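Colleague: I am new to this structure and would love a close look at one part of it. Could you take me to a place where two helices pack together, and then show me how that part sits among the rest?

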Amino acid sequence: MSHDQGGWPYVHNVGDIIVSRGSVLGVRAIDDYELVYFPEGTGTVYEHGDVPHALDVPCFVFTRPGERHRYLFDEERTTRHLFVHFDYGALRGRDERFASLLQPSFHIVPAKHGSLVAGIMQQIIVVAGYQSHHWKRRLSALVAAALEEIAAFADNTPEFASAGYPVQISKAIAYIEAHLTEPVTIEQIARQSGWSHEHFTRMFVASVGISPKRMLLERRINLAEELMMLGSGNVKQIAYQCGFGDEHHFSKIYKRIRGITATEYLERCKEPIFRHAAIEVDPGRTFANRHILVNAEIK
């Protein structure tokens, strides 16, 4: 049964169980949602309907209400798994941000893409075990965070996209980096892959998680923000230095993507903490020296 808890998941029960060799759980259909974390790959098999899924790598298994399934646990060794049963109005109401989780084919998430969620699952067990201050609300918040991250993975958002791109995509990204300050087009970028514009765009989104146009804009905006942080000119000068042929176009794009104007960002960068920042190459995803605005009304 669903409960209204101010928009948070309503947790029914949690557990951290070590199952005996060769055990079988099911066939069953549950009334709520279940998220299970297998910290180690084993010979365990999750059957959904008549389709078997080998759980031979660390992973999460997501099961929805009414779905018939069973677990055939490893016959050679014990199997540890952490689980949480819950209900959630956002899932029942098919909230669009969880559309990927609600697809009938979505069940398994490799844990290598979700180390944060692995930590959340472990913390869920700890919080439920100690039952300290506001523990039920904390459980709800932890489950909500885990679902948001798993949904982001299922949607192939950039932070979960493959780190090893096909060579054609790598060439295109290198071309983008080398021509940030030039009026390069997506057609020119696509030619570096040897694919058609349409096929290149599809493959780029599948590999990187965003379109090539969005990556080009993001890289140019990142460069502009570095220059603004260093005090390297006014908005018009920086727009031209970053490949935007028109100051007004740059300002419009910046406001749409970042939520504030470039002039406002330039003013924020005059604060002492940013004035002394050193800009260095950041090949990873640490977003070093980025002044990231979350809510415009919060200073």
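Modeller: Happy to! Let us start with helix H2 (residues 115-130) and helix H3 (residues 135-154), whose axes come within 10 Å and cross at roughly 165°. An angle over 145 degrees counts as roughly antiparallel, so H2 is roughly antiparallel to H3. The crossing of the two helices H2 and H3 is left-handed. Please keep in mind that this is a predicted model.

Which residues make the H2 and H3 contact? From H2 come Leu116, Val117, Ile120, Gln123, Ile124, Val127 and Ala128. They meet Trp135, Arg138, Leu139, Leu142, Val143, Ala145, Ala146, Glu149 and Ile150 in H3.

Ala145 is a good residue to pause on. It lies in helix H3 and is one of the residues that meet H2. Its relative accessibility is 33%, so Ala145 counts as partly exposed. Val117, among the contact residues of H2, is 28 residues away from Ala145 along the chain, and the C-alpha atoms of the two are separated by 8.1 Å.

Now look at the loop between H2 and H3, where you will find His134. This residue has a positive phi of about 55° although it is not a glycine. Most residues other than glycine have a negative phi. With a relative accessibility of 53%, His134 counts as exposed.

Arg94 makes a nice companion to His134. Arg94 is not a glycine either, and its phi is positive, at about 55°. Its place is the loop between helix H1 (89-92) and strand E9 (108-110). At 54% relative accessibility, Arg94 counts as exposed.

While we are on the backbone, let us visit strand E2 (residues 24-29), which holds Gly26. Val27 is in strand E2 too, and the peptide bond from Gly26 to Val27 is cis, with omega near 5°. Most peptide bonds are trans. Gly26 counts as partly exposed, at 40% relative accessibility. Leaving aside residues up to four places away in sequence, Gly26 touches His69 and Arg70. Leu72 is 46 residues from Gly26 in sequence, while their C-alpha atoms are 8.6 Å apart in space.

For a second helix pair to set beside H2 and H3, turn to H7 and helix H9 (residues 247-258), whose axes come within 11 Å and cross at roughly 100°. H7 and H9 are therefore roughly perpendicular to each other. On the H7 side the contact is made by Arg214, Leu217, Glu218, Ile221, Asn222, Ala224, Glu225 and Met228. On the H9 side it is made by Phe250, Ile253, Tyr254, Arg256, Ile257 and Arg258.

Charged pairs are the next stop. Side chains of opposite charge can pair when their charged atoms come close. How many salt bridges does a search of the whole structure find? It finds 13.

Take Arg219 and Glu177, whose side chains meet in a salt bridge of 2.7 Å, N to O. Arg219 lies in helix H7 (residues 212-229) and Glu177 in helix H4 (residues 167-178), so this pair ties together parts that are 42 residues apart in sequence. Arg219 counts as partly exposed, at 24% relative accessibility, and Glu177 counts as partly exposed at 38%.

Another salt bridge joins Arg80 and Asp16, with the closest N and O atoms 2.6 Å apart. This pair links distant parts of the chain, with Arg80 in strand E8 (residues 79-87) and Asp16 in strand E1 (residues 10-19), 64 residues apart. Arg80 is partly exposed at 39% relative accessibility, and Asp16 is partly exposed at 31%.

Glu267 and Lys270 form a salt bridge as well, their closest N and O atoms being 2.9 Å apart. The relative accessible area is 44% for Glu267, which is partly exposed, and 49% for Lys270, which is partly exposed too. In addition, salt bridges that share partners join Arg214, Glu218, Glu225 and Arg258 into one network. Those four residues also appear in the contact between H7 and H9.

Finally, let us step back to the whole protein chain. Its secondary structure comes to 11 helices and 9 strands. Of its 299 residues, 41% are buried. Among contacts with a separation of 6 or more, residues 24 or more positions apart account for 73%. The accessible surface of the chain comes to about 16200 Å², and carbon and sulfur atoms hold 53% of that surface.

Definitions and conventions
Residues numbered from 1 in each chain as written. Predicted model: local features only at pLDDT ≥ 70, side-chain atom pairs only at ≥ 80, totals over all residues. Heavy atoms only, no water. Salt bridge = Lys/Arg side-chain N within 4 Å of Asp/Glu carboxyl O. Buried < 20%, exposed > 50% of the residue type's maximum accessible area, 1.4 Å probe, protein only. Contact = heavy atoms within 4.5 Å. Areas by Shrake-Rupley, 256 points an atom, 1.4 Å probe, with all protein chains shown as cover. Axes fitted to C-alpha atoms, helices over the stretch in contact; angles between N-to-C directions. Parallel < 35°, antiparallel > 145°, perpendicular 65-115°, else oblique. Left-handed = near helix turned anticlockwise from the far one by under 90°.
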